[in-house]
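Welcome, and thanks for taking a look at this one with me. Please have the sequence and the 3D view open side by side as you read.

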Amino acid sequence: MSTKKNSTKRQLRVTALACLAVATLGAAAAAEEKFQKLTGGYIRARFGGMELTDNVHWRDLYQRNGTVMSTSMGRKRTGRWRVEQDQLCIELEGEPIPTCYDVWISGKEAELRCEGLLPLRGTLEPASGRN
């Protein structure tokens with residue numbers, strides 16, 4: 001009888017873990033589905049006068065005139081931003097070649113994706129004036 005109880009408990013644990021895994025994967029998939037890829041005009045409209053930040057390590061202020069002011073781990077840099085072929089292109093001082101990103105948005109969350117690089121994920125919010 002004891003073996004049957006242990007077997008039943010084991011089955012319940014396995015079932016519970018399976019349900020948890022399905023729920024977690026389902027939530028991750030649902031969160032991913034909420035992100036929408038922006039095109040050129042929408043990138044310009046969403047980023048001008050806004051700040052993208054991870055709220056800890058870095059923040060980039062995208063001024064409406066095409067200037068970007070970047071602060072990362074205490075280091076401040078300036079540069080230019082523009083939209084080319086439905087991508088956000090950023091050229092910071094000291095970097096001769098601009099980096100261009102696909103922009104994905106979900107509410108206030110933004111993700112900048114560039115092939116060969118890890119995505120940059122942060123919150124897009126009105127400029128705080130901290131730069």
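Here are a few numbered points to help you find your way around.

1. A word before we start: this is a predicted model. Every value below is computed from it.

2. Begin with the overall layout. The protein has two helices and nine strands. Reading from the N terminus, the order is α-β-α-β-β-β-β-β-β-β-β, so to follow the chain you can tick off the elements in that order as defined by their runs.

3. Next, the surface and the interior. The protein has 131 residues, and 31% of them count as buried. About 8800 Å² is exposed, with 57% of that area coming from carbon and sulfur atoms. As for how the chain meets itself, take the contacts between residues at least 6 apart in sequence: 40% of these join residues at least 24 apart.

4. Now for the cysteines. How many disulfides does a search of the whole structure find? It finds one, formed by C89 and C100, whose sulfur atoms lie 2.0 Å apart. C89 sits in strand β6 (residues 87-92) and C100 in strand β7 (residues 99-106), so the pair, 11 residues apart, links distant parts of the chain.

5. Stay with that pair a moment longer. Both C89 and C100 are buried. The disulfide is right-handed, because the torsion about its S-S bond is about 110 degrees.

6. Finally, why does C114 not bond to C100? The closest cysteine sulfur to that of C114 is the one in C100, and at 7.6 Å it is too far for a bond; a disulfide needs the sulfur atoms within 2.5 Å.

How values were computed. Residues are numbered from 1 along each chain as its sequence is written. This is a predicted model: local features need pLDDT of at least 70, side-chain atom pairs count only at pLDDT 80 or more; totals for chains, interfaces and linings use all residues. Side-chain values use heavy atoms; hydrogens and water are left out. Helices (H or I, at least four residues) and strands (E, at least two) are DSSP runs, numbered from the N terminus. Buried means under 20% relative accessible area, exposed over 50%, partly exposed in between (1.4 Å probe, protein chains only). Contact means heavy atoms within 4.5 Å. Accessible areas come from the Shrake-Rupley method with a 1.4 Å probe; for residues, only the protein chains shown count as cover.
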